[in-house]
Amino acid sequence: MCVKVACVGGGPAGLYLSILLKRQDPSHDVTVHERNPEGSTYGWGVTYWQGLLDRLRVCDPESARAIEAESVRWNEGVAHVRDLATRQPGDEGHGIGRHKLLEILAARARALGVRLEYESGITGENLPDADLVVAGDGVHSALRTHHADDFGAELTPGRNSYIWLGTTKVFDSFTFAFVETEHGWIWCYGYPFSSEQSTCVIECAPETLAGLGLDRASEGDGLARLEKLFAHILDGRPLIGRAAADGSTQWLTFRTLTNRSWYRGNLVLLGDAAHTTHYSIGAGTTLALEDAIALADALRESADLPGALARYEQERKSALLSLQSAARYSAQWYENLTRYIHLPPEQMFALLGQRHSPLLPYVPPQLYYRLDRAAGQLGALRRLKRWLGPKLARGAHARALTSRK
C-alpha cells in the first residue's frame, strides 16, 4: 500500500519502523531523515523488560539478537534511605546504551535497503514527497507543531526537577537512593546499561533544587555537589553530565504529552511525538518500539491508508491508557515523597513498588501496606483492590476536570 515512506527522526521508533516495513515488502521505498550527524545522540542508557524482547524476537529476530547481546540484566532492586538499605527481587530488567541501540537499528535498516539521511532537517513546511510521512521527531516535533490545530497536542508539566546523568559506577541492580538535606529530599534512579557505565537520573522538588543552589550552579559545581550527596552509592565514581550552551547543568521538568489526533492526511505521529510517559516507569523506548510494530501491522493489514492510520491510532491510544495512568501515579508518588519516606525501609520499598496504584493515594500508607500484604494471600482482597482502585481514579479524574473549568 505505502510504496514510498519517509520517516522523519532517526530515533528507535523511526529506525525500527523502517526495518519492519522493508521486511514486510522489500520493494517499499523507505527513507529515514535525521537532523543530527550520525553517531550523535542524547541520553545514556535505556531500560526495557522481557516482554518487549519477546516481541522483538517475533518481529525481527536478527535485530533482537543483537540488542539482547549488547544488553545488561538485573533482577533485583535496592533502595537506600539515609544509612539504611533494603534489597528485593523483581522482574528481570534490561539496559542498553542509547547510542548502541541506535547503532544496531541503523545497521540493520541499511542492510535491508533503507536509506538513512543524516543532517537532513525536515520541517512542516518542507514535507518529503512520499505516500506516508512519519513524524518520529520527538516530543518537540516540528512536524506536529506546524500542524498543531490538527493534532491537538496538550503538554502537562510535572512539579519536580530532574537531570539525566551517566556514571562509571556500574550498579548491580536497579538502584534507588533517597538523601535528606536541609532543603528537603533528593533522590536518584540508577541502572546499568553496559559493563562500564550506568544511567543515574536525579530528581528533587523545585524548592530543594533552589535551596541546594543546583539550579544556578555550573556543570562542574553541580556535579561535584551531587557526587558528594550520593557518594555512598557511587563508590567514588564520577557523575557525567551534558552541559547546556551556557555551561550550566540541564535540569528539566518532565512534561506529559498527549494528542487529540495522531494523524492528518498522510502524516502520522510516532513515539515521543505522539505521547510521553513519566520516566519513572521506564517505558519510553518500549512504547516507541511498540508504536512502530503497531503501525507496521496496520499498514500491512488495512486496505487503504486512512483505514490503516485510524486503526493504528485506536489501537495505540487504547494500549496506552493503563500505562499513562500508571505513569501519572508514579510521578505523583515522588511528588508526595514525604508521605512515604518515613516508613520502615521494607514498607517504603514495598509502596515504591506499588506507586502505580490509583488506590494508594487515598489509603493511609501503613494501612495500604498491611492490605497489600494480606491481598497477596486472600483473593477477596485482591478483587477489592482491583474494583476500588479504578473507581477512585475515575472520581479523581472527574474532580480534576471540574477544577479546570
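The exercises below work through a predicted model of one protein chain, each with a solution in steps.

**Exercise 1. Establish what the pLDDT is for the chain as a whole, and over which residues it stays under 50.**

Begin with the average, which is 91 for the protein chain, with 90% of the residues scoring at least 70. Then turn to residues 396-405, over which pLDDT stays under 50, and for which the model has three contacts beyond four places in sequence. Where pLDDT is low, the predicted coordinates should not be read in detail.

**Exercise 2. Decide whether His-94 is buried or exposed, and describe its surroundings.**

First locate the residue: His-94 belongs to strand β5, which covers residues 84-97. Next, apply the cut-off for burial, which is under 20% relative accessible area; because its relative accessibility is 0%, His-94 counts as buried. Finally, list the neighbours, leaving out residues up to four places away in sequence: among those that His-94 touches are Val-46, Trp-49, Gln-50, Leu-53, Arg-73 and Trp-74. With Gln-50 there is also a polar contact, made between the two side chains at 3.1 Å.

**Exercise 3. Carry out the corresponding analysis for Thr-41, and find which residue its side chain meets in a polar contact.**

Thr-41 lies in the loop between β2 (29-34) and β3 (45-49). Its relative accessibility is 31%, and because buried means under 20% and exposed means over 50%, Thr-41 counts as partly exposed. Beyond its neighbours within four places in sequence, Thr-41 is in contact with Arg-98, His-99 and Leu-102. Of these, Arg-98 is the polar partner, with a side chain to side chain contact of 3.1 Å; although Thr-41 and Arg-98 are 57 residues apart along the chain, their C-alpha atoms are separated by 7.6 Å.

**Exercise 4. Work out the strand order of the six-stranded open sheet, and which strands stand at its edges.**

The order is β6-β2-β1-β7-β15-β14, with mixed pairing. β6 (115-118) and β14 (263-264) each have a single partner strand, so one side of each is left without a neighbour in the sheet, and these two stand at the edges. Within the sheet, β1 (residues 4-8) and β7 (residues 132-135) run parallel and are joined by four bridges, with Val-5 standing opposite Leu-132 in β7.

**Exercise 5. Identify which residues of the largest nonpolar core touch the most other members.**

This core has 63 residues, and the ones sought are Tyr-16, Leu-17, Val-134 and Leu-295. Helix α10 (residues 284-301) supplies the largest share of the core, 10 residues. A second, separate core has 30 residues, including Ala-79 and Tyr-340.

Key:
Residues numbered from 1 in each chain as written. Predicted model: local features only at pLDDT ≥ 70, side-chain atom pairs only at ≥ 80, totals over all residues. Heavy atoms only, no water. pLDDT = per-residue confidence, 0-100. Contact = heavy atoms within 4.5 Å. Buried < 20%, exposed > 50% of the residue type's maximum accessible area, 1.4 Å probe, protein only. Polar contact = N/O pair within 3.5 Å; in protein donor to acceptor, adjacent residues only side chain to side chain. Pairing = 2+ DSSP bridges. Core = buried A, V, L, I, M, F, W, Y, C linked by side-chain atoms within 4.5 Å.
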